[in-house]
Amino acid sequence: MTASPRASTEAVRHQNNGLVLKALRREGPLAHTDLSAATGLSSATVSAITSHLEKNGLLERREVANAGQRGRPRALFARKRDAAHVIAVRISSHAVQYSLADYRGTMIDRFEEAREQGPESPRRFLQAFRAAIERLIQRSRLPAAAISTISISSKGLVDRDGARLLWSPVFGYEELDFQSALADFAGSRVHLFNESLLVTHALALRLEKNRGAPLVSLATLSLGHSIGLGIAYRDQHGDLEFRAPNFGHMLHADDGKRCRCGAIGCIEASAGFYGILRMAFEVPPDTIPAKFVPLLEMEKIASRARQGHRASEYAFRQAGLALGQGLSRMLSLAEETMPIAITGPGTRFMDLLTRGLDEGLAQSQHVRVRGAPEILIITEEETLVFEGHVDRALTEIDQDLGG
């Protein structure tokens, strides 16, 4: 069946509206001519779109004088801040961070709550989670209906379609169903993402903007209590696609090291903070892992390693080796040498990890033939998680409101 001319026209108009909203989200306020250049749309089309979006309360216009020039002032178009709002929640091993952003992607409120370090049931956590979201909205004095999307991220295995956390470092295999917990929450969409996917999403957009060229592919490796990996690549239509494979729990070696997931020999069992701590203190490898290792404790181990303490130095080297070998397998499967960005609190120990990391990568035939990947050290993981939340949420909102 062939689409009707009217349906085709509506689809094109919807797509063009999305291009204008996307340009304003990525670039900030733009003049008419700048919008035309950024989207590739004609001047007449941009005029029609901005008029439509302004009428529907999505854009606002501001007159600015031409610097040093006579004539009429320029009109700058910007996304209207109160057209929609997004709540972004980052769940980590030690805290939960709640942020509120407006339709321009600007953060307007944030607070953080410490996680209970003792036993915590999913039911109790979800009750506190919902109460915190309600408090965030009350602080902003917004009606609940003003929240278009609640976007949640965590380390672990996620069921993105159902917003269920299937496995996490703290709750193990006890599921957390965020969709059900927030089912009656003023009609807001609820999404759940692996944190590494959001980091990769935001970093890919940032690198493309800074380099002024499309990114072919990218991997991000998060180092900390958990080990996470995100991958960006071009799909058949040329669009960036993002994935977060379960890299930290990929089997690495039959070495008896117990992982938090219950398996033996995962990458994380060697490279996660608890794995490094266990090896540095020469604790039996099958010891039940600590759920959370304070960063201060890791700094002490690193200090000992830098002073020549053999067990501590060896622990970091083995962690780097596990990471390098895991990344070499990933590169072999990807069949291309993509840049690898390393993020997370573990980046402060790169001087101790690099030797093992390079050794692990060098063992790969892929790296020997195609060369070592470009390694980027990125220390803004928290900011990238927020940016990933907001960009994905606002893209979806644009598709709904921009029609």
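In the predicted model, the largest pocket is lined by 38 residues, and those nearest its centre are K22, R25, R26, D391 and T395. This pocket encloses about 1,600 Å³ of space. Two or more lining residues come from each of α1 (5-27), α2 (32-39), β11 (189-194), α6 (195-211), β14 (240-243) and α13. By class, the lining of the largest pocket comprises eleven nonpolar, eleven polar and 16 charged residues.

The second largest pocket has a volume of about 530 Å³. Its lining consists of 25 residues, with R90, S92, H94, P345 and E381 lying nearest the centre. At least two residues of this lining are supplied by each of β4, β5, β12 (217-223) and α13. Seven of the lining residues of the second largest pocket are nonpolar, eleven are polar and seven are charged. Helix α13 is thus named for both pockets, giving two or more residues to the lining of the largest pocket and at least two to that of the second largest pocket.

Enclosed space was examined as well. The structure contains three cavities of 30 Å³ or more. The largest cavity has a volume of about 80 Å³. Residues I91, S92, S93, R115, S154, K155, L165, S168, P169, V170 and F171 form its lining. These residues of the largest cavity fall into five nonpolar, four polar and two charged. S92 appears in this lining and is also one of the residues nearest the centre of the second largest pocket.

The second largest cavity holds about 40 Å³ of space. It is lined by A88, V89, R90, Q97, S99, R110, E382, V385, F386 and H389. Elements contributing two or more residues to this lining are β4 (85-91), β5 (95-102) and α13 (381-401). The most is given by α13, with four residues. The lining of the second largest cavity has four nonpolar, three polar and three charged residues. R90 belongs to this lining and is also listed among the residues nearest the centre of the second largest pocket. Strands β4 and β5 and helix α13 contribute to the lining of the second largest cavity, and these elements also supply residues to the lining of the second largest pocket.

The overall dimensions of the chain were also computed. The chain has 13 helices and 16 strands. Along its principal axes, the C-alpha trace spans about 75 × 55 × 50 Å. The radius of gyration of the chain is 24 Å, which agrees with the value near 22 Å for a compact globule, because that value is the one that applies to a chain of 403 residues.

One helix pair was examined in detail. Helix α9 (residues 295-306) and helix α10 (residues 310-334) have axes that come within 7 Å and cross at roughly 110°. The crossing angle therefore makes α9 roughly perpendicular to α10, since angles of 65 to 115 degrees are counted in that class. On the α9 side the contact involves M298, I301, A302, R304 and A305, and these residues meet S312, E313 and F316 in α10. By class, the contact of α9 with α10 is made up of five nonpolar, one polar and two charged residues.

Technical notes. Residues numbered from 1 in each chain as written. Predicted model: local features only at pLDDT ≥ 70, side-chain atom pairs only at ≥ 80, totals over all residues. Heavy atoms only, no water. Axes fitted to C-alpha atoms, helices over the stretch in contact; angles between N-to-C directions. Parallel < 35°, antiparallel > 145°, perpendicular 65-115°, else oblique. Contact = heavy atoms within 4.5 Å. Nonpolar A, V, L, I, M, F, W, Y, C, P; charged D, E, K, R; others polar. 1 Å grid on protein atoms, 1.4 Å probe; cavity = no way out; pocket = protein on both sides within 12 Å on 5 of 7 lines; lining within 4 Å. Points joined across faces, edges and corners; volume = space filled by probe spheres on them. Rg over C-alpha atoms; globule rule 2.2 N^0.38 Å.
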